[in-house]
Amino acid sequence: MTYLHNIGAYFLMIKDMFRKPTKWAVMKTLIFKDIDDLIMGSLGIVAFISFFVGGVVTIQTALNIDNPLIPKYLVGFATRQSIILEFAPTFISIIMAGKVGSFITSSIGTMRVTEQIDALEVMGINAINYLVFPKFIALMLYPFVISIAMFLGIVGGMAACYFGGYSSINDYIIGIQTDFIPFHIAYAFIKTFAFAFLLATIPSFHGFYMKGGALEVGKASTTAFVWTSVVIILLNYILTQMLLS
């Protein structure tokens, strides 16, 4: 029954997020602040991970298809497919659930503990719209982060080919271009928008409705990360089955 209650409260929170909006002059400042915290603040770690994981994918692919009968361009093909279809949208989203999700839960949870949310509600402000909606709008720019992850993942694979001698640059580029299906990009960004919505709302839910003190803020952050990751993986399976099968 607790799970059903939480699911119901989550969807009610989403409904309240769009009700009684905050004045645009105030909301604009909140949105730009959340863009800086959630999007711009995540570019460094995303770029670092994407570049080196792209290199690792290339190295592992090259080492597992070292048969002389298998063309070398398949290294680039396999790297492209792995990064665009799964690594960039899904793996990066799980990492962001830890970084961005924990930040959202802890910041809103701290406001709950220090009774700042109660003060907002006393002043007649829709606290859910004030706190959650700017994060939702900011994370609509999340596909920009994923596009950078895709690009740097493929560049990292190219660097691994060049410095490791696993394949020539020309073969790698031919592999990237071979049997390219534009819908795979659309599929990746559809997943990205869905994951962005989860990254904005699930951690916000756990922060907004938490009870207790400072210790419970940490527990709520951990719980938010776990549930965000679980729902992302489940939704990834459902969207893949719907869009690619």
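Is Glu86 buried, partly exposed or exposed, and at what relative accessibility? In this predicted model, Glu86 has a relative accessibility of 31% and therefore counts as partly exposed, since that class covers the values between under 20%, which is buried, and over 50%, which is exposed.

Glu86 is also one partner of a salt bridge, the other being Lys191, and the closest N and O atoms of the two are 3.1 Å apart. Because Lys191 belongs to helix α9 (residues 182–208) while Glu86 belongs to helix α4 (residues 73–113), this pair ties together parts that are 105 residues apart in sequence. Lys191 has a relative accessibility of 0% and so counts as buried, whereas its partner Glu86, at 31%, is partly exposed.

The count of salt bridges in the model comes to five, and three of the pairs, including the one just described, are set out here.

| Salt bridge | N to O distance |
|---|---|
| Lys191 and Glu86 | 3.1 Å |
| Arg112 and Asp118 | 3.2 Å |
| Arg19 and Asp16 | 3.3 Å |

In the pair formed by the side chains of Arg19 and Asp16, the two residues fall into separate accessibility classes: Arg19 is partly exposed, with a relative accessibility of 44%, while Asp16 is buried, with a relative accessibility of 17%, a value that falls in the buried class because that class is set at under 20%.

For the salt bridge between Arg112 and Asp118, the accessibility of the acidic partner can be added: Asp118 has a relative accessibility of 32% and is therefore partly exposed.

Methods: Residues numbered from 1 in each chain as written. Predicted model: local features only at pLDDT ≥ 70, side-chain atom pairs only at ≥ 80, totals over all residues. Heavy atoms only, no water. Salt bridge = Lys/Arg side-chain N within 4 Å of Asp/Glu carboxyl O. Buried < 20%, exposed > 50% of the residue type's maximum accessible area, 1.4 Å probe, protein only. Helix = DSSP H or I, 4+ residues; strand = E, 2+ residues; numbered from the N terminus.
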